[in-house]
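Visitor: I'd like a quick tour of the cysteine links and the pockets in this one. Can you walk me through it?

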Amino acid sequence: MVKADRIVPRPGWILAVLLLVLCGAAAAHAAARPRHVAHAAAPKPQPPVGIFLTDQNLKHALSGQRGLNFTSKKPAGPLITVNPRVRYQTMLGFGAALTDSSASLLWNGTTPSARGKLLQDLVTLRGLNLNFIRTPIGASDFTVGGRMYSYDDMPAKQTDPKLAHFSIKHDQAYIIPELKAMLGMNKGIDMFASMWSPPGWMKANDSMNDVNRRGTLLPRYYGTLAAYFVRYVQAYRAAGVPIWGLAPENEPGHSVAYPSMELKPNAEAALIQDMGADFSAAKLNTRIYGGEMGSYPSYFPFLEKDGSASVMSGDAWHCYGGPSPINDFAIKNPSIQNIMTECSPGATPDTTPESVIDSLRNRVSTVDLWNIAEDPHNGPVNSRGCLECTPLITVPPKKGKPQLTPSYFQLGQFSRYIQRGAQQVSATRLVKDWRTTNAKQSHYGVTTGIDDVAFQNPDGTLVLVAYNNSKKARRFSVGWQGKYFSYTLAPGSTVTFRWNGTTGPSVSRCLNSSVNYQPATQTAPGKAPHASPNGSRAPLTRAVQSCR
């Protein structure tokens, strides 16, 4: 019999077992103790004044900068004092125009992915946060191939007074899809529509132009044109694009070879009265704005004194000729809402930031630039259209990479930081408007230096935008409630300062509400309803804001 070997533990085994026991005990003890967590150092508080900069060469383009602290010592030198207790107009929004040329370039000149990103760059907080988009009713001077079209074109010498051939088919290819895409990204957008010319058969020259001032609206078609606008608003609404506001004529009386119409103030007043009656019958709540021309003060008072005043929601202006007459008009007519529906970079003597500041300083509630997109040659444009107008986005041929222009970033210095419902507040202006007029034309501009404008947002934040229109760096200071900060701004640069203030303005539901058109009683004893040039008398109506 073989005896089983006796197993004797070796010393190394004993050591290993002891180590396992000890480690287990240590782990249990550690688990029983509260665990110490090392905390990261608390972030340093940010300076109260946020700074965002776009310089002349786009080295900085809507770029955040190191913030500033307030000091109690009043600095020497130029001082901009911001006083939120003194308030002016309420801001409705910022935007640009989607013309036929712009829409075609974005649709056909970019990939779907690139187009989606560009639209986001325009209407969301990823980019400019634009909320006021203008679109032409039919052709403008910026149409593909220079084609002049309306929604009811007829062969020469033929008419369609019942609008049996009315169709927005042209716009359904790329204009409406892009407008719908914008609305899908930003439901707060207000769509504004302007007409350059009605169908040629409605006019004395049977053409969509106004060469030699022969393109007047025929008296028998005032009511037809009002019905044309009703059909347009209804068709766009059915297509998913509600039209918030409308101007019956872009730059009336501007005699040119591209789409245009000769329309005197009394004729526009009559047309607006017809529109009010038709909008009432169709239960449309689109706002109507008169004028929409350069800053020529003689036109607007006539509209306001005429029977059309009760129908209009306000006056639309273009910045050409200088915006200073708007301020004069606003002081005399404080209840009128003034909106700037076109101010094209390249078509004024002022740069984009100067045009925006000067327009806001002169009491407008919107600033809308011109084309969203153009090609590298500032087109496609009618051969006699605005050849010097420049866009927010340049789209190269063959689906090359779109380029954001300086105007894009300069507009963003305002649109990204000034909220809808913000009110302009008092801020010292270090420059001033100038204007000279002779028998042939007006010259206008802003004196050299730092220009600025200030707003208080509904969330209480204060925003000051400053622009250096000179050729040298300039240092200035900002004062608010006995506190100050200083800054040096390079030539051609735009800077936005933002800091927390006191309670901001409450946003009225009436700011951009829809309107209802209701029968109006006569304001003056014995005053007859307004007579159209064709002799008919449209019922007096008035626009009542639906928020009331």
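Visitor: Which element gives the most to the lining of the largest pocket?

Guide: Ground rules before the answer: this is a predicted model, where local features need pLDDT of at least 70, side-chain atom pairs count only at pLDDT 80 or more, and totals for chains, interfaces and linings use all residues. Residues are numbered from 1 along each chain as its sequence is written, and side-chain values use heavy atoms, with hydrogens and water left out. A pocket here is an open set of points on a 1 Å grid over the protein atoms alone, where a 1.4 Å probe fits, with protein on both sides within 12 Å along at least five of seven lines; lining residues have an atom within 4 Å of a point. With four residues, the top contributor is β24.

Visitor: How much space lies in the largest pocket?

Guide: Among the residues closest to its centre are S313 and Q337, out of 32 that line it. A volume is the space filled by probe spheres set on the points, with grid points joined across faces, edges and corners. For the largest pocket that comes to about 810 Å³.

Visitor: And which residues lie nearest the centre of the second largest pocket?

Guide: That pocket holds about 570 Å³ of space. Its lining counts 24 residues. The ones nearest the centre are E251, H254, Y258, Y296 and Y320.

Visitor: How many disulfides does a search of the whole structure find?

Guide: The criterion is a pair of cysteine sulfur atoms within 2.5 Å. C319 and C343 qualify with S to S 2.2 Å, and C386 and C389 with S to S 1.9 Å. The search of the whole structure gives two.

Visitor: Why is the disulfide of C319 and C343 called right-handed?

Guide: C319 sits in the loop between β9 and α9 and C343 in the loop between β10 and α10, so the link ties together parts 24 residues apart in sequence. Those labels are DSSP runs numbered from the N terminus: helices are H or I of at least four residues, strands E of at least two. As for the handedness, it follows because the torsion about the S-S bond is about 85°.

Visitor: What is the relative accessible area of C389?

Guide: Buried means under 20% relative accessible area, exposed over 50%, and partly exposed in between (1.4 Å probe, protein chains only). Its partner C386 counts as buried at 13% relative accessibility. C389 is buried too, with a relative accessible area of 2%.
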